[in-house]
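Visitor: I am new to this structure and would like a close look at a single part. Please take chain B and go through how its pieces are arranged, then place that chain beside the others.

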Amino acid sequence: MLVHRSTKRGVFAVAVAAVAALAVSALPAQAFSPHSEVGVTSTTIKLGITVPLTGAAAPGYNKVPYAMKAYFDYVNDNGGVNGRKIQLVIKDDAYSPILAKSVTNDLILKDKVFALVGTLGTANNEATSKFVNDKGVPRLFVNTGFSGFANTKKYPTTYALFPSYYMEAKAIGGYLDDKFAGKKVALIYQDDDFGIDALAGFNQVGTKFVAKIPYASGSQTDPTVVGKWITSIVTSGADTVVLFGVSTATAAALGGAYKAGLAGKVQWILGSVGADPTTIKTLAPTALPLLNGAIAASFLPSANDSADEYVAQFQKINTQYNKGASFDNNVLVGMNAGMLAVQALRAAGTSPTRAKLMAAIDASGSKFASAGFAPLGWSKSSHIGYNGYWFGRIAADATIAPVDGAGKYVLYTTDSSTGAVVKSAIARPAMPAKGLPTN
Amino acid sequence: MSGLLVKNFSVSHGAIAAVKDLSFTVGKGELAAIIGSNGAGKTTLLRALSGLIPHQSGEASWNGNSLLGKKPEDLVRSGVVHVSEGKSVIPELNVKENLALGGIWRKDKKDVALATEEVCELFPRLRERLLQSADTLSGGERQMLAIGRALIARPELLLLDEPSLGLAPLIIEQIFDAINQLRHKLGLTVVLVEQNAMSALKIADIGVIINVGSLVTSGPSQELLADANLRAAYLGY
Amino acid sequence: MLILDTFLIGLSSGAIYALMALALVLVWRSTRVVNFAQAGQAILSTYIGYEVMNRTHNYWVSVPFAIVAGAAIAAFVDAVLMRALEKRSHKGSVSEIAPVIATLGLLGLIRSLTGMIWGNAYLQYTSPASGKGYEISHHTIPFSPQNLIIVIGALVVMGVFAAVFKFTNLGLALRASSFQPEISRLAGIRVDRIRTIGWAFAGAAGAVAGALVTPTTYLSPNSLDLLLVSGFVAAVIGGLDSLIGAVLGGLILGVGFAFILQYIGTSVTFSAAFFILIIVLFLRPRGILGSKIGRRDA
Amino acid sequence: MRKSKSLSALIFFAIGLFLLGLSNFVDELRAYQGAQVGIYVIAISSIILLTGFSGQISLGHGALMAIGGYSAVLSYNHWHFPMLLAFTFGAAVAALAGFILGMAAARLSGPYLAGTTLALAVGLPSLANQFHILGGEQGLSFDIGEAPKWIADKTGGDFTQYKWFFWISVTCTLFTMWFIKNLLQSRFGRTWRAVRGNPSAAALSGINIGRSKVLAFTVSSALAGLAGALLAMILGLVAPMAFTLTLSFTLVTGAVLAGVSNLGGSIIGALVLVVIPEITDAVATHLGGSEKISANLPGLITSVLLILTVIFAPNGPQLHKRNKSGKAKTQ
């Protein structure tokens, strides 16, 4: 009998608590404003970005959103976009697809952003794709080179900016054929779509490796794991190592190689993702002797090339609006994406909608001004951005300059399928005055 | 007053009163035997007197200073030492270390050494086994070790809980002899809790008989031994 | 050669695991609590070391600060949290797991606090010792001065502990209190105080582990989380009660991990920790050097 | 007895209808959070069943959720199981894993069990990197699609996927609660209470304590597996990062906050877990606090709550009340 009574009370408690739970959930998250496009008011446009601000992948990338915001602040102070000021909501996803999913929910449903811009990470962007598509939210200039995002059927609202990892691998393969023929090359890569994309590219151009070393994202901070990379490199007898990982992986590999006495014995070739010298320098001060002389792939100008008009202008904005941040490749990436976003928003007209924004990029995106050396490929049928790389050598002071000498940029361009790797000179639109787009 | 005074003393175990309204006194230098069957509350009484468990009401004092509300480790420093039930030694330590524990808090290291020497005189078997683990000692040896450790603290009041428990009659006799010797030699006041009434009362000055936590009677031990009714009801022979 | 290299890689991580296991065992012996906050406390003390290094620019000066901080944090945790817990939650259905949950809460608290103060970014706490491996007849071994310091540091801690436990009155009191708290109290030992000192020793050992291992990686609020698991597994392998067992357990686990990583693969390492644990618990429930007190329910 | 059973079934049914109806009046974010609450309720209930009723602790329920999540997704993606069957399969595989783990667990006491399950929580998810079929660090995607047309049409309006998640989650949650409630009233429930209250007496009266503990672990794991499958559903993928140590700790936190012996409390625990980050986020935004503060505030608050609860109300608010009447007698 006692049992009977207490369970009855239990049921009641459950009932009350359940109702209370949903009653609390039922409070509307935010009032609707159904008459104008989501995220746009007469004075503001709200954009959102997800990036790792914490965790293993954060160092370096955590500077990107603040650089972008600095650029937007600069534009806002100079009249904004058609009279509207750009607000950027920054969310940390710790490089976790799960967290990316939940903060993207927040950006779209709670913060109600107009569009996403520069969201970072291959797996992270994949995880959120379904929802972003369903909601028709434009996702501009994703900070990843996963070739899949160029698929306009599967990711209709997503615009790639970086050349794909597939293209990058092809370009590096072409460069290896060109300058490192007959060398014994090893490859370290992140064991997910990021690395698998690259493997496919290397396969396409027929690059041969004496060792392929995959690593799970995040495991690079474990010294024992890195110890294993190094023993694998040594046992394979490689004299050249291509590293296709994030900055912390580059730092860990160089640190580990230094420890194993490989300084001067192995030529390092760093993929664009983990090749920012200043980030690596801060992550692994001991790796500096190895960084010196390493070759890095890049599609933007060298961050220390003040002779470049874009770089010079961005450096100015950085000093003024991004207090305390040292100017590096991450800052350059953030501001460059910001500049492209401003042009896209301008192109979308005085009463922008999500549909108009995407149509505007399809129509005129290929003519936008940006710091990248390769042309932009956006059109109605393609969402591929840049398509080529140049190779630079990192010096002892962690600056980077083209392998053939300062200012001598040579571009290796290619495509997303079976096309050949082509060497060409650089070509890009001139920078709008003071870095303020007028399109 | 000098000596041990226990007045209207009660201790409870949760809802159950284990010791009820107990009063008795033990004069300085006397040996009191607390007699009662298993579960009579003897151990609870000692544990409350030495501060291991809280009491409920009443008074207990030693030489006029209250024993109550103090921690056992502080009472040890004021000369009240409790040797708990069941061969109170630390089996993981060796004999020497067990003895050393007795004087670990004392500043006068010379006297500690002296006291240790005295204990070894008293119980020569301990001296033979100084470096053996206490685990390897026999029951009687462990009891000697426990008492020896207590002596190194130079106690004034020694509370002994069933030193005879589980020992052979011959060994019990030895231990009780030693206790008797000690208190005459050192002027110790001893409270001896025992089920083994005969042996205890034989060496005791006074006896306190308790049953289910309450006092049955107390008085000079010779008188108690002579009382035929008590012998039949409580002393078990 | 590869076998030797792998062994060396395992040796220095094993030394760190051993220190962590040592800390867990010390707390277990004195309080019968597995301190799941041990790694958190080590993180906090390491951040303090980091702050000191930022001010003095000297790693060697910062390490003693970290150790003292680690000891103080641990003593504080025992004196405040564990005492309160003991007083209040000795009854009810959670009494057995209350300490586990409390230390988990503490781990979360320390993590969030360090995150608030220092941020979640990766910081550098660098040691001046070179990370470059020693060269032996033209082969660079994966064992650097940094690793040597780790091993020596761990040995020093173990040596100091062994000396204290074996030859001092404090050590005797620590051992006695952990084996038989009641008898120790009756012998006049202030067991509460001794117990807090035991925690302080544990905190110091954890702090050494944090201060030694961090220069080989990064410093962030949860950079030592995995040490907690390794430390626990090592402690159980050694038999949660034995200090020497903790050291052996740490070394076995460190070297074992290195070989698994080298010859099987990265991603199975921590699953391996689980299986090692299960196997040890079933084959030798008392660990290789555990005392007789069993770990199973009565 | 029979009467009360049908009554309680009716109450559950009514709550279900109410909640599903409610979903028409909330926006998508709230629907999503409602689905989250449901998942937490199931997961926390699984801990309560284990800890509160069987006296065992697990810091590894995140790993069991991972087993459920991966099993459900694999069966759905590769073998094209229908959704419901996929969830059931996830729960069943987790139950099997729980059975094996429970056999080990029944022989271990508190801290050993805690440590062993901790190692499981850390070790198991990383296995996804070892086997290619599990999709490595980036995981496997899981899209259950939209609500069936006949449901969407009946309710009218815009039946979003998140609302569909909410429906599924609510249904599973209520079903789970009903199942547990009945289980606790059954022979097994009485056995657990007996073992929990006095193991030696229970053993003397012929209860096989080991078997009772293994059973509790198995059922608890099945529930955790279901919660894992549902989590995979609302996330749209399974990945090792979804089942971190933090998740396992969070569940224990929720259970303790709920009062580990009180099943209804799991709803409070779940709400607290979902609401605290919301509140702290709002507070941090309002105060304009730095990234450092806002990112760590929820963790700080839940940790402090956890410590305070375990010190001041270790058996939860409910049991406290029951004690009061007992106390009155002695005073």
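**Chain B, piece by piece**

Guide: Helix α1 of chain B, residues 42-49, lies across the strands β1 (4-13), β2 and β4 of chain B. Against β2(B) the helix runs at about 70°. The model described here is a predicted one.

The strands under α1(B) lead to a sheet. β1, β2 and β4 of chain B belong to an open sheet of four strands, in the order β2-β1-β4-β5. Its pairing is antiparallel. At the edges stand β2 (16-26) and β5 (65-66) of chain B, each of which pairs on one side only. The link between β4(B), residues 57-62, and β5(B) consists of two bridges, and these two strands run antiparallel. To find one point of that link, start from Ser61(B): its bridge partner in β5(B) is Ser66(B).

Chain B also has an open sheet of six strands, ordered β6-β7-β8-β3-β9-β10. Here the pairing is mixed. The edge strands are β6 (80-83) and β10 (214-220) of chain B, and each of them pairs on one side only. On average, neighbouring strands in this six-strand sheet are turned by 15° against each other, with direction ignored.

Within the six-strand order, β3 of chain B has β9 of chain B as a neighbour. Strand β3(B) covers residues 31-35 and strand β9(B) covers residues 206-211; they run parallel and are joined by four bridges. For Ala32(B), the bridge partner in β9(B) is Ile206(B).

Next come two helices of the same chain. Helix α4(B) spans residues 109-122 and helix α6(B) spans residues 139-152. Their axes come within 9 Å and cross at roughly 150°. An angle over 145 degrees counts as roughly antiparallel. The two helices, α4(B) and α6(B), are therefore roughly antiparallel to each other. The crossing in which α4(B) passes α6(B) is right-handed.

Which residues of α4(B) and α6(B) make the contact? From α4(B) they are Val112(B), Ala115(B), Thr116(B) and Val119(B). From α6(B) they are Gly148(B), Leu151(B) and Ile152(B). Sorted by class, the contact of these helices has five nonpolar and two polar residues, and no charged ones.

Now for the other chains. Chain B does not touch chain A, and the nearest C-alpha atoms of the two are 24 Å apart. There are five pairs of chains in contact, and among these, chains C and D share the most contacts. In that pair, 48 residues of chain D are in contact with 46 residues of chain C. Four helices of chain D, namely α2 (28-54), α5 (110-126), α11 (245-258) and α13 (291-312), each supply at least two residues of the side that touches chain C. The most comes from α13(D), which gives 14 residues to that side. By class, the side of chain D facing this contact with chain C has 28 nonpolar, 17 polar and three charged residues.

Chain D itself contains 14 helices and two strands. Its radius of gyration is 20 Å, close to the 20 Å that the globule rule gives for 331 residues, so chain D is as compact as a globular protein of that length. Taken along the principal axes, the C-alpha atoms of chain D fill a box of roughly 60 × 50 × 45 Å.

Key: Residues numbered from 1 in each chain as written. Chains lettered and ligands numbered in written order. Predicted model: local features only at pLDDT ≥ 70, side-chain atom pairs only at ≥ 80, totals over all residues. Axes fitted to C-alpha atoms, helices over the stretch in contact; angles between N-to-C directions. Parallel < 35°, antiparallel > 145°, perpendicular 65-115°, else oblique. Left-handed = near helix turned anticlockwise from the far one by under 90°. Contact = placed C-beta atoms within 7 Å. Nonpolar A, V, L, I, M, F, W, Y, C, P; charged D, E, K, R; others polar. Pairing = 2+ DSSP bridges. Rg over C-alpha atoms; globule rule 2.2 N^0.38 Å.
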